[in-house]
Structure formats: structure tokens, C-alpha cells
Amino acid sequence: MGRVAVIGAGPSGFYAAQALLQADPAVQVDLIDRMPAPFGLVRSGVAPDHQKIKSVVKAYERIAASPGCRFFGNVALGRDVSIDELLARYDQVVLAVGAQTARKMGIPGEDLPGSFSATEFVAWYNGHPDYQDRSFPLDVSDAVVVGVGNVAMDVTRILVSPPERLHPTDITSGALGRLAAGRRERVHVLGRRGPAQAAFTPKELQEIAAIDGVDVRVRDDEAALDPASAAWLEASGDRMARENAEFVASRVGARASTARSEVWLRFCRSPVEILGDDRVRAVRVEKTALIAEGDRIVARGTGVFEEIPAGLVLAAVGYLTVPLPGVPYDEVTGRIPNDGGQVVGPDGPVPDLFVVGWAKRGPTGLIGTNRADSAATVARMLETGARRPADGADPADWLASRVDQLVTWRCWQKVDAAEVARGRDAEKIREKFTAIEEMLGAVRDAE
Ligand code: NAP
């Protein structure tokens, strides 16, 4: 297979590298990332209190240590190098760029101060350099989270966690300080459909309910299954949906309100407008009714509206891939159009250009889902073969000539060690650098 560039060193990029190395031990795989740090979503997306999920980096470290694998960080496609330049120097190029931007709700008031995407909030508390300037109002009586997927659960959990629960993790101390300085008394989590259609996995909601001082509540009429959902649940036998519906139902009922924070799950509530003058004040929602459309349960507006108070709004309604210069992009799906992983442009399949992960299939599935997905693209790469061999010179020198400071795996190990040492001083797993220049400085200091 010769020489392959994988653009993006997150989960799907590492799994692509692994599949390539397994398919051809003689292949040279260069993992190229715009950040000086690898691991993409595992570093910047997975919640800091989910260290077990983050331990997957051990497997990525083993892949990076393979003789045929190199890491080149601090190189951005579209800024430092172009897709055509990469295709001239590599036999094949794999885009593993994920879905970095948030899907919008598309309702009035969405851009008011105090209204953010969950993507921004997650990236901020995880120390991503691009999001450190966000100023989230965190001392509010009421916050609203839109969506009932696992990202909604992550941000809700972070909003209501006592600081001592988060302190030992790798949440940035800046974010933890801001979270600790304010209190969120109530977090209202809005599902536009019912409990049986919630996208979160049961243990994510149960984890929130298990936090000391947090009360997960639901109203009787919103927990009750409507006839369409009850019939669907019976027919589908979906265990996750059943467990979610049962757990939600178990949260109905009056409780002594000694809780520090309440999480109100609001079902059949579709946001129609974010209200406020100079900052968010409330979310106007429309009550929905559920009906069966084929094998899908869909929400229809009922014309009944309600205002839910909110000093902070976080929309967790999905992600989109960011368009890249010179790379085909589907505006409707927010993905890179492809056929089995080969990128497809207006004139058909683009020779030697492939895609994996969320950029290929959309923002679905768990981290491990990317393994089979990347292997499928690599199978397609083997099948099509490279159209024309890359030119002979090692691209490492060319990459180094394009940036002020190329970050190799050895450089990253220095950043990694410095972050762990900073964390040790603060009795945390690690204290991340939150600026690219800080990471580059840590490499220079160690040399
Ligand atoms: P998701 O699972 O697709 O959930 C998105 C949610 O947003 C759904 O409840 C959806 O409702 C709702 N929604 C979409 N558009 C909306 C709108 N205009 N108004 C109101 N609600 C709207 O997406 P995600 O939470 O971003 O997660 C992405 C993937 O990462 C998932 O596969 C997830 O499991 C995974 N993940 C896993 C973990 C973990 O394992 N701990 C953590 C985070 C993320 P409808 O169903 O009605 O469309």
C-alpha cells in the first residue's frame, strides 16, 4: 500500500492506522493532526469523569509505537497543507476528521448570549484550545439542556456534579473553578419525543441519579407511555428503550427536596424559541404528541406552549463535519459523501481519497464502533489500490517545512509527561495545557 496519510488522530484515525498496518506490515502510515496532541474525541469529547472510556488511549499508544506508524501534530489540512499536496506525496489519503461542529436547532434566539452548543461546553471543560474563550453563565438557578442523547447526559452530569467529584479527573482546573464558583439548582433536559425514544443509554442517566445531592425528577404525565410508544416498545423489544422508560417512570413522585440540584427530564417538549433581550431568560417549548409513522414514532406540535426559565442553554442535538477546502461535502447530511469509505465528488469517486468515522457515517455510535467502520474503509482501499504511486521523497521533511514546529510522537510524549506532572502536583490525573503555544513550549522546554 506504500505510504498512507491519515488526517486526524482520533479514534477512527487510529483504527484506520491499525487496520492498514495489519493489512500490510510494510505500509508507512502518517497520522497527521492539527492539534499538537493526539486522540481527538477521546481527549476533547469524552467526559473527564469517564476515565474508563478514556483508557482506550493505551491501545492507541500501542498502534503509535508500531514501526510503520508516525504522528505529525500541529499540521492543519487547509491551512498548512492542501489535499492535492497530500495526494501527490502519499499513495492514499484517509480523512478521519470527525464532526467538530454542532448541529443548530434552527430556532429564533439561538445566538443570544448564554445560549451555546453542548459541543462548545464539552470542548471547554476538556481544555480544547479553540474553546477557552467561551464564557458560560454557570451561576444560574435554571439551566436548559436540549436533546436526550448521551452528550446531553454528559453535560447535565458535569453541571450538577459536586466539585470534589470532578477534581481528581483531567477536567481543566480553570473549568472546575468556574463550575465550583456557581451553582445550578435545576437543569431541565428537553426531549422532543418520549422516554421510549430517548437516545441516552440507561447507565448514563442512572449515573446522574446516583450522584450525591442530585435528584432526577420527571412529571407523571411525561413519564407515562403514550399508546403509540407502548405498542412500539412491545413490538420492537428494544431493551435499551424499555430500560430507559422503566427508569424514567421510577423517578415520578414527590421527594423531600433536600437535593442540591434537581434534574428535570421534560419529555414531549420541543424548543421553538430562546427568549431574552440581552441574554437568555427562558426557552419557549411546544408540547408535542407522538404518532407512529411506519416503524418510527414522530413528534407533532399540539399548539400548547410553555416557558421554561433558563440562564444557560446548552443544545446537545448532534454534530456536523466541518467542510474542508478541496474535499467534497454534503450540506444536507453534514458529512463527506462516500461510497463504502471512498470519497465521492461531483464527478464520481475521488481516486486515492477515503474517509472514516463520523465524517463518513455521521455522529453515531460509541468509540469502539469506529473500529469496524475504519476496517471497512481500509478493505475498500485495498480493493481499489492506489491509482498512481506517490513521489519518492519522505513527506516528513516537507511537513516540517510547512509549520514552525512539527510535533512528532516523541514530542507529544513530552507534552503528555508535563501534563501528568502538573496533575500530580494538584492531585489530579493530569492538568492539560489549554493553549497550543503552551504545548509547543512544553516540547521546547523538555529538549
Ligand atoms: P444523539 O444520540 O443523536 O442524540 C441527539 C438528541 O438530540 C436526540 O435526543 C434528538 O432527538 C435530539 N434532537 C435533535 N435535533 C433536535 C431538535 N431540533 N430539537 C430538539 N431535540 C433534538 O447525539 P449525541 O448525544 O450528540 O451523541 C452522539 C453519539 O455519541 C451517540 O452515538 C452517543 O451515544 C455517543 N456518545 C456516547 C457517550 C458515552 O458512551 N458515554 C457519551 C457521549 C456521546 P430525536 O431522537 O427526537 O431526534
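## The β-α-β unit at the N-terminal end

In this predicted model, strand 1, helix 1 and strand 2 form a β-α-β unit of right-handed sense. Strand 1 covers residues 3–7, helix 1 covers residues 11–23, and strand 2 covers residues 28–33. The pairing between strand 1 and strand 2 is parallel and runs over five bridges. Within it, Arg3 has Gln28 of strand 2 as its bridge partner.

Strand 1 is mostly covered, with five of its five residues buried. Arg3, Ala5 and Ile7 point to one side of the strand, while Val4 and Val6 point to the other, and all of these residues are buried.

## The seven-stranded sheet

Strand 1 belongs to an open sheet of seven strands, whose order is 3-2-1-4-18-17-16 and whose pairing is mixed. The edge positions are held by strand 3 (69–73) and strand 16 (338–339); each has a single partner strand, so one side of each has no neighbour in the sheet. Helix 1 packs on this sheet and touches strand 1, strand 2, strand 3 and strand 4. The direction of helix 1 makes an angle of about 175° with that of strand 2.

Strand 1 also pairs with strand 4 (residues 92–95), in the parallel sense and over four bridges. Ala5 stands opposite Val93 of strand 4, and Val6 has Val94 of strand 4 as its bridge partner.

## Helix 6

Helix 6 spans residues 118–125 and is mostly covered, since eight of its eight residues count as buried, that is, under 20% relative accessible area. The buried residues of helix 6 are Ala118, Thr119, Glu120, Phe121, Val122, Ala123, Trp124 and Tyr125. After helix 6 comes Gly127, which has a positive phi near 85°.

## The chain as a whole

The protein chain contains 18 helices and 18 strands. Its radius of gyration is 23 Å, close to the 22 Å given by the globule rule for 447 residues; the chain is therefore as compact as a globular protein of that length. Along the principal axes, the C-alpha atoms of the chain fill a box of roughly 70 × 55 × 40 Å.

Of the 447 residues in the chain, 56% are buried. Among contacts in the chain with a separation of 6 or more, 74% are between residues 24 or more positions apart. The accessible surface of the chain is about 18800 Å², and carbon and sulfur atoms account for 52% of that surface.

Notes
Residues are numbered from 1 along each chain as its sequence is written. This is a predicted model: local features need pLDDT of at least 70, side-chain atom pairs count only at pLDDT 80 or more; totals for chains, interfaces and linings use all residues. Side-chain values use heavy atoms; hydrogens and water are left out. Two strands pair if DSSP finds at least two bridges between them. Helices (H or I, at least four residues) and strands (E, at least two) are DSSP runs, numbered from the N terminus. Contact means heavy atoms within 4.5 Å. Axes are lines fitted to C-alpha atoms, for helices over the stretch in contact, and angles run from 0 to 180 degrees between N-to-C directions. Buried means under 20% relative accessible area, exposed over 50%, partly exposed in between (1.4 Å probe, protein chains only). The radius of gyration is taken over C-alpha atoms; the globule rule is 2.2 Å times the number of residues to the power 0.38. Accessible areas come from the Shrake-Rupley method with a 1.4 Å probe; for residues, only the protein chains shown count as cover. A crossover is right-handed if, with the strands pointing away from the viewer, the path from the first strand over the helix to the second runs clockwise.
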